[in-house]
Every structure is written in structure tokens, then in C-alpha cells.
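Here are some quick notes from my pass through the model, point by point. Have it open while you read.

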Amino acid sequence: MPKNLVEIKTLKKYFHLGKDVTVKSVDDISFTIRSGETFGLVGESGSGKSTLGKTIVGLHQASGGEIIYNGKKVAELSKEEQRVANKEMQIIFQDPHASLNPRMRVGDIIAEGIDAYKLLKGKQRERRIYELLERVGLLPEHAKRYPHEFSGGQRQRIGIARALAVEPKFIVADEPISALDVSIQAQVVNLMEDLAKTEGLTYLFIAHDLGMVKHISDRIGVMYLGKMMELSDSDDMFQNPLHPYTQALLSAIPKTNPKMAKRERIMLQGDPPSPTDPPSGCRFRTRCPLAMEVCAKVEPSFKEVEPNHWTACHLYDA
Amino acid sequence: MEHLLKVDQLKVNFNTYGGEVKAVRDVSFHVDQGEIVAIVGESGSGKSVTVQSIMGLIPSPPGMIKGGSIQFEGKDLLTLSKRQMRKIKGSKIGMIFQDPMTSLNPTMKVGKQIAEALITHRNFSKANAKNKAVEMLKLVGIPNPEARFQQYPHEYSGGMRQRAMIAIALACSPDLLIADEPTTALDVTIQAQVLELMKELQKKMNTAIILITHDLGVVAETAQRVLVMYGGVVVESASVMELFENPRHPYTWGLLQSIPDTDTSEKKRLVPIAGSPPDLFSPPKGCPFAPRCKYAMDICLEEMPTDYDISDGHTAKCWLNDERAPHPETFARLGETENA
Ligand SMILES: Nc1ncnc2c1ncn2[C@@H]1O[C@H](COP(=O)(O)OP(=O)(O)OP(=O)(O)O)[C@@H](O)[C@H]1O
Ligand SMILES: Nc1ncnc2c1ncn2[C@@H]1O[C@H](COP(=O)(O)OP(=O)(O)OP(=O)(O)O)[C@@H](O)[C@H]1O
Ligand code: SF4
Ligand SMILES: [Mg+2]
Ligand SMILES: [Mg+2]
């Protein structure tokens, strides 16, 4: 396996809403996801996290730029290679309720990919379903039941089992725990961590809960209005956030230790700007407490300002 | 001192095709003037139903208040007529819902919705109501309030809608504000703005607030006291400091353990609560948490524990706190080390 499983180069995904209205949901983003790592993706609601994830796994067609999977440009793959890539890249969605067909039995839901790619049949297929159920902490007899008979956490496990069925290498997990009870979230996160180890999976983990993202991720990327604003090792990001947006974001996490709860918080003023009409220069400048004159004029480039620590902000112009 | 709000032995059932759901079972608590009380707990544990009962919002059928009382400023809200209740709701108790779109009127300008409340409940003149409404929009941090007064809810962003709701709820300076997950749908940065605003209003206007949330961080930062609910009952009740430092119910231990600690770079494995949330159609006859509790004893499955007094203002509904329980000290320490 190459060092980088997924390479994203100047990726763009635009949606055209009307004649002259375009949302630049993913706008010129470049980064890499290393083989075997969990890459956390955080940022403002509507900043383009889901769009980025869906574009990478091919659910959206990119408007520009390229995606390199396993060392090869996805756009230039042969039909057969494309099929393999599609199989190896899976996505788990936020709402375990909406993403499971209520009229299908759990066993058939899990086997959706197996059937689509005609991987196994009959007894072998059945054995594989049981094995997968067990793998995610469910029981073989659950195969005959319907999704509504399961709790939220169990349903999310079913979604994970379905993704695992086709032996993926890369999984985009789009807010896999947001819809779950606090007491169940940890069950699912532990399961995902175990699977990363035993199956050698690579994850793109999208979430709002920064505590969970820090817990599970090796590296973290921060998005704002279609742009990647900062990228670094997970610990480094929390100890030494460089971008003013990241600083505000991290300072806004409520602390669960009531003794530490009273501390300095960077309050962002105003609302996020409209994605169809983003500010000139740096997109964060309308809410940035440190904005300078240059920020309205020139868009800051995304560069490595410290070893393995990237950011797009004029404060770090040499 | 007399409590502003006193809920006593509240019981609420729902008749559904699957059977009778006992959504709230003997819930008792109080709220004093100017105090923020948080309610946390499992999804479906009865948090929303509890506060909907206070507001007279339980749909009936299928809902039924089976017993108990809700004293507010000396009156039992459960015995008031619809008209009397409407008067209290507009002026003395305000409510913020999780989804602002369901409670803002989409066909009416936001400013007018605030002004309307002032005219109906506070006898404001039209002109005064408008001025006050603009002032309220400004107070909740909506930029350019004069222009925003003239806009409809769909022209507001999610965070602004939530703040507009707060403006409506607070326009008549209620004595009690009920906020049901007011920030769950918001970004952390916008969440911080909204919570800051609520704290400020509590200080400035001495408003009491009931805050329902899933987020223990929000509790730690905002509330003075907290109720923990599970399976339709309040399983623990304490000051915020006491709950985090000396939790005495296994469900509370579980909640505290399942959140990761962001202040350390050590990667500790999370400790989830095993099992699934309870089935309210046939709640276990003993402690509702017993089927998932790793400390459960025989008695736990048989009989509902009472509220044990741990210290002044701290109660826990768990048999482990009974003096007859084996090694209560050991268990208490177990809870501590797991949280450490
Ligand atoms: N299919 C679509 N058509 C048009 N616009 C879209 C579409 N999907 C997403 N968008 C827009 O693209 C932007 C980014 O949306 P996206 O769902 O990727 O954000 P997100 O970061 O995942 O937000 P959240 O945290 O709320 O899930 C938003 O402005 C959204 O309205
Ligand atoms: N209108 C209704 N009809 C039938 N059952 C209801 C109704 N409203 C609430 N319930 C039931 O009452 C129980 C308690 O619900 P409630 O909404 O109070 O939970 P909650 O603690 O607020 O949960 P969440 O955190 O998910 O909002 C649930 O089992 C729910 O299904
Ligand atoms: S009463 Fe028993 S089952 Fe319930 S929480 Fe306490 S020890 Fe566990
Ligand atoms: Mg999303
Ligand atoms: Mg609720």
C-alpha cells in the first residue's frame, strides 16, 4: 500500500442553484490521507465537509481538480479498476434510521454490497453475514429481523457491517455518532477503533463533536466555507491552533470539568457569511478578530508554516 | 423560601398502539428564582415530556397526566383553565424549542411576532412594541435589527432563528424560561453565543431557566444544578459541582465516562455503557437502569430504589446508597476510579 491512500489535489465541487448562483461547497482543496490513519474533519455547519466526503467516494462528480486513490488518478481508471475502487471506498451516514431500508431484513441489508458486486452466494454469503454481525457486536439471529427492531446504536452497527461487507480499505464516516445517545456513542467509536486495527482501515471521520474527533483522529482538518483552513496532527491542533477560526472553534468547546469551565472564550461576532457570496480575500475575515487590511484583498494560500502543520492565514505570511 | 416552580410526583402516560408508555414516572424537582437547572439524560427518558407538562403542551389524547402537581408562583398549573394557562405562558413562562422553525410563524415577519407578544401580554402600544422588539433583537445579538425586524424567518440563518426565538421568549421578561435543547442544532461557535446570551439574561433579569441538553459540557458551563433522567425517572439530582465530583448513580458514572477528555493527549479507551436504552412499554419493575447496570443486585430488579439523600441538595435513586447494600464504600470508590 502506498504511504498516502488518498490524495486530493485542488479539488472543487460547485453546485449551480440558479442562473448566476453558484455554491462553491468545496473550493480548491488539497490534502492527503495516509494509509491506516484516521483523518478527522471538522468545521462550521455548511462548510462543505459532507460534500468533500461524498466527492471523494464518487457520490458527487468533482467540478475540478483530481482524486488519487491508491496511487492512481480515479478519473483515469479502467472500468474494472473503477469497480474495485468503488468497492474499496465506502461511506457511513449520519442517520442510521434513514439509511437502512425499513422493508429489508438486516441480513439482506448487510449483504447489499456483496450482492451488488456478486461476491458470494448461498451458504458462503450467509456465513459472511453472520461473521459480519459478530464482528460489530450483534448476533447471527439478528439477520432475520428488521431495522426498526433495533436501537440507534445497533442500527449504526448494522450500517458499519454493511460497509465492511465488501472489505473496504477506506471509509468516510459522516457524523456516524451524532444521532446516537451519549451512552451509545462510545460503543460505536470503540468499535470503529477496533476495526481500524484489525482490518487495517483508513477513515475520514466527519463530526461536530470536537472531543470525539480528537479522541479518534491521528490528524485533523478544519474547514470554513468551502476551504481547508488548517491541518495538523490531532494533539498539535488542540495544543497549538494557528488559524483564528480554529482558535475560536476550540475555545468554544464546553468543558466538562466545572472547575475549568470559567475560562477565556473567543466569541465570534456575527453569522457565517452566505456560501453563494463568500467574502473577498480570506473567507473568515468578516468574523475574524485579528483581520488585517490585506485579508480583504488577498486570499491567503494554504501552506506548511510549521513542520506538518498547515494553515491558510495572513498572520503567518513570512 | 418559596420555590418559583415545584413539580411534585408528576406522572405522564401516552396511549400508543403498542401499549401504554409510562413516559414520566413520579418526577419531582424545584427551580428557584434566577437559577439555571439543567436536565440531562438518555434519549426518550422523559425530559421533553416533563417540561411540556409544565407548559400545558401534552397532546391529549394520546397523552395523559396521571398524577402529581406543578406549583408555579403558588398556583397548581395542572388545575388551571386553558385561558388562565395561556396568560401565564405568554407572560410568565417562556419556552424555546429545539427546532426554531416549528415555533416561529413562517408567514409573519420576525419583528411583528415579538411585537405581537408584547401587545397581547404586556398591553404595549403598537409603536412602543415595535421599539421594544427592535431592542430585543439587538439584545440577542442580531446585527442590523431595524432591517431584520422586517424579515421573515426563512431569511434568517439557523443561529439567528434560534436567537429570534429567544428574543420572543424573553420579550415579556418571563420569570421562568424553558429551553429544550436550544443549541443541539447549532455549531459550537454559535452555541457559545447563545449560551452566553442566556447566562447574561439570567443575570440581568433574574430569570430562572430550565435547560435540557445532551451535552455535559454545556451543563458544566451554564447550570447551577442538574437533574439526571433515565427511563422516565430522575435518577440523580445535585449541584453541578457535586454531580461532577461525587456522582452516586451508575448511570451518571456511565455518562461521565463515555465522554472523551480533551485536556489530555493520552489516548484512553472510552468506557461505554453496555446494552440498550430501556423499553418504556414495559419498564422493569425495579430500577430502570438495572438491566444495563454492572453493579445491579437482586433487589435492583425487584424494587424501585428511593431517593437517597447523599448530602444537602444531592439525591440518588440507587440501591448502592442503602446502608444495607454490600460494601457501599467499595462501590462508591469504583465509580470514582472509573471517572478518574
Ligand atoms: N446537492 C446540493 N445542491 C446544492 N447545494 C448543496 C448540495 N449539497 C450541499 N450543498 C451546499 O453546499 C454547502 C456545503 O454543504 P455540506 O452539506 O457539505 O456542509 P457540511 O459541512 O457537511 O455541513 P453540516 O455540518 O451542517 O453537515 C452548503 O451551503 C449546502 O447548502
Ligand atoms: N406525543 C407522543 N405520543 C406518544 N408517545 C410520546 C409522545 N411524546 C413523547 N412520547 C414518549 O414519551 C417518552 C419520553 O419522551 P421525551 O420526548 O420526553 O424524551 P426526551 O428525554 O426528551 O428524549 P430526547 O433526548 O430524545 O429528546 C418517549 O418514549 C416517547 O416516545
Ligand atoms: S439501583 Fe441497582 S441497578 Fe439501579 S443503578 Fe443502583 S445498583 Fe444499578
Ligand atoms: Mg454534513
Ligand atoms: Mg426531548
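1. Start in chain B, in the loop that runs between helix 1 (47-54) and strand 4 (63-72), where P61(B) sits. Keep in mind as you look that this is a predicted model. The bond leading into that proline, from S60(B) to P61(B), is cis, with omega near -10°.

2. Now step on to P62(B), which also has its place in the loop between helix 1 and strand 4 of chain B. The peptide bond from P61(B) to P62(B) is cis as well, with omega near 5°. Worth a look, because most peptide bonds are trans.

3. Over in chain A, have a look at E167(A), which lies in the loop between helix 6 (152-164) and strand 7 (170-174). Its phi is near 50°, a positive value for a residue that isn't glycine. Most residues other than glycine have a negative phi.

4. Back in chain B, K75(B), K82(B), R83(B), R86(B) and K87(B) make up a positive surface patch. Which helix gives the most to it? That's helix 2 (residues 82-91) of chain B, with 4 residues. R86(B) is one of the residues found in that helix.

5. Last, ligand 3. It has 13 residues around it, and the closest are C287(B), C293(B), C300(B), C318(B) and W319(B). What is the shell made of: nonpolar, polar or charged residues? The split is 12 nonpolar and 1 polar, with no charged residues around ligand 3. Cysteine is counted as nonpolar here, so the four cysteines named above fall on the nonpolar side.

Notes:
Residues numbered from 1 in each chain as written. Chains lettered and ligands numbered in written order. Predicted model: local features only at pLDDT ≥ 70, side-chain atom pairs only at ≥ 80, totals over all residues. Heavy atoms only, no water. Near = heavy atom within 4 Å. Patch = residues over 30% accessible without salt bridge, like charges linked within 9 Å, V, L, I, M, F, W, Y side chains within 5 Å. Areas by Shrake-Rupley, 256 points an atom, 1.4 Å probe, with all protein chains shown as cover. Salt bridge = Lys/Arg side-chain N within 4 Å of Asp/Glu carboxyl O. Lys, Arg positive; Asp, Glu negative; His and termini not counted. Charge placed at Lys NZ, Arg CZ, Asp CG, Glu CD. Helix = DSSP H or I, 4+ residues; strand = E, 2+ residues; numbered from the N terminus.
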